[in-house]
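This report describes the packing, the enclosed space and selected residues of one protein model. The sequence and the structure are shown first, and the account follows.

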Amino acid sequence: MQHDDFIGQVQARARLDSRGAAETATRASLETLAERVPPPLAEKLAAQLPREIGEHLLRVAYAPDLPATGVRMSREEFFGRVAERSGADVPKAVHEARCVVEVTDEATVGGLADKIRTSLDDDLADVLFAGSSGPAGN
């Protein structure tokens, strides 16, 4: 998947009014995901995404203070960080992050999304992987 296709899919699924808003949602979601998962997993994910999108993961995965297992955070903390980074309220950030993860899943191969899902707490994974049309769960 190319960068423009990825951002276009995020924009359409999240029903965002601009490509800039889709870029912001993508950056906020993937940076927060990179904080939460083990760095090698973030690196593998970045390698399968368009370079400009993968950089959001690598920028955080290479942070010197990131624990080897990723930062433990509750569902509320995770989506609170996404909301803070994107400037959206929490319910909107939840929906946008779910759309970003859904497009990311479709853009990658080799069961990478399943590995990411299993690295998360069930409570967070259930909401994050519910998809763009899944039930609300902030």
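Helices (H or I, at least four residues) and strands (E, at least two) are taken as DSSP runs, numbered from the N terminus. The model is predicted, so that local features need pLDDT of at least 70 and side-chain atom pairs count only at pLDDT 80 or more, while totals for chains, interfaces and linings use all residues. Residues are numbered from 1 along each chain as its sequence is written, and side-chain values use heavy atoms, with hydrogens and water left out.

**Chain end and loop**

Ser133 is placed in the segment after H8. Buried means under 20% relative accessible area, exposed over 50%, and partly exposed in between (1.4 Å probe, protein chains only). Ser133 is exposed because its relative accessibility is 71%. Its C-alpha atom is separated by 23 Å from that of Arg85, and the two residues are 48 residues apart along the chain.

Arg15 belongs to the loop between helix H1 (3-14) and helix H2 (19-36). Although Arg15 is not a glycine, it has a positive phi of about 55°. With a relative accessible area of 64%, Arg15 is therefore classed as exposed.

**The nonpolar core**

A nonpolar core is a set of buried Ala, Val, Leu, Ile, Met, Phe, Trp, Tyr and Cys residues joined through side-chain atoms within 4.5 Å. The largest one has 40 residues, and those with the most contacts inside it are Phe6, Leu33, Leu49, Phe78, Phe79, Leu120 and Leu128. At least two residues of this core come from each of H1, H2, helix H3 (39-48), helix H4 (51-61), helix H5 (75-86), H6, H7 and helix H8 (122-128). H6 gives the largest share, 8 residues.

Contact means heavy atoms within 4.5 Å. Leaving out residues up to four places away in sequence, Leu120 touches Leu33, Arg36, Val37, Ala125, Leu128 and Phe129.

**Residues of helices H6, H2 and H1**

Ala93 lies in helix H6, and Ala97 is found in helix H6. Ala93 counts as buried because its relative accessibility is 0%; Ala97, at 1%, likewise counts as buried. Beyond its neighbours within four places in sequence, Ala93 is in contact with Phe79, Val82, Ala83, Ser86 and Ala88. On the same basis, the contacts of Ala97 are Ser29, Phe79, Val82 and Leu128. Pro91 is also placed in helix H6, but Pro91 is partly exposed, with a relative accessible area of 46%.

The table gives C-alpha separations for these residues.

| Residue pair | Separation in sequence | C-alpha distance |
|---|---|---|
| Ala93 and Phe78 | 15 residues | 10.0 Å |
| Ala97 and Arg27 | 70 residues | 9.7 Å |
| Pro91 and Pro39 | 52 residues | 27 Å |

Ser29 lies in helix H2 and counts as buried because its relative accessibility is 4%. Apart from neighbours within four places in sequence, Ser29 is in contact with Phe78, Val82, Glu96, Ala97 and Val100. A polar contact is a pair of N or O atoms within 3.5 Å; within protein, one must be able to donate a hydrogen and the other to accept it, and residues adjacent in sequence count only if both atoms are side-chain atoms. A polar atom of the Ser29 side chain lies 2.8 Å from the backbone oxygen of Ala25.

His3 lies in helix H1. At a relative accessible area of 16%, His3 is therefore buried. The side chains of His3 and Asp4 are joined by a polar contact of 3.3 Å. Without its neighbours within four places in sequence, His3 is in contact with Glu23, Pro50, Glu52 and Ile53.

**The cavity**

Rolling a probe the size of a water molecule over the atoms shows where empty space is left. On a 1 Å grid over the protein atoms alone, a cavity is a set of points where a 1.4 Å probe fits but cannot get out, and lining residues have an atom within 4 Å of a point. Grid points are joined across faces, edges and corners, and a volume is the space filled by probe spheres set on the points.

How many cavities of 30 Å³ or more does a search of the whole structure find? The search finds 1. The largest cavity holds about 60 Å³ of space. Its lining consists of Leu33, Leu45, Val101, Thr104, Asp105, Thr108, Leu112, Ala113, Ile116 and Phe129. Helix H6 (90-107) and helix H7 (112-119) are the elements that give two or more residues to this lining. With Ala, Val, Leu, Ile, Met, Phe, Trp, Tyr, Cys and Pro counted as nonpolar, Asp, Glu, Lys and Arg as charged, and the others, Gly among them, as polar, the lining divides into 7 nonpolar, 2 polar and 1 charged.

Notes: 1 Å grid on protein atoms, 1.4 Å probe; cavity = no way out; pocket = protein on both sides within 12 Å on 5 of 7 lines; lining within 4 Å.
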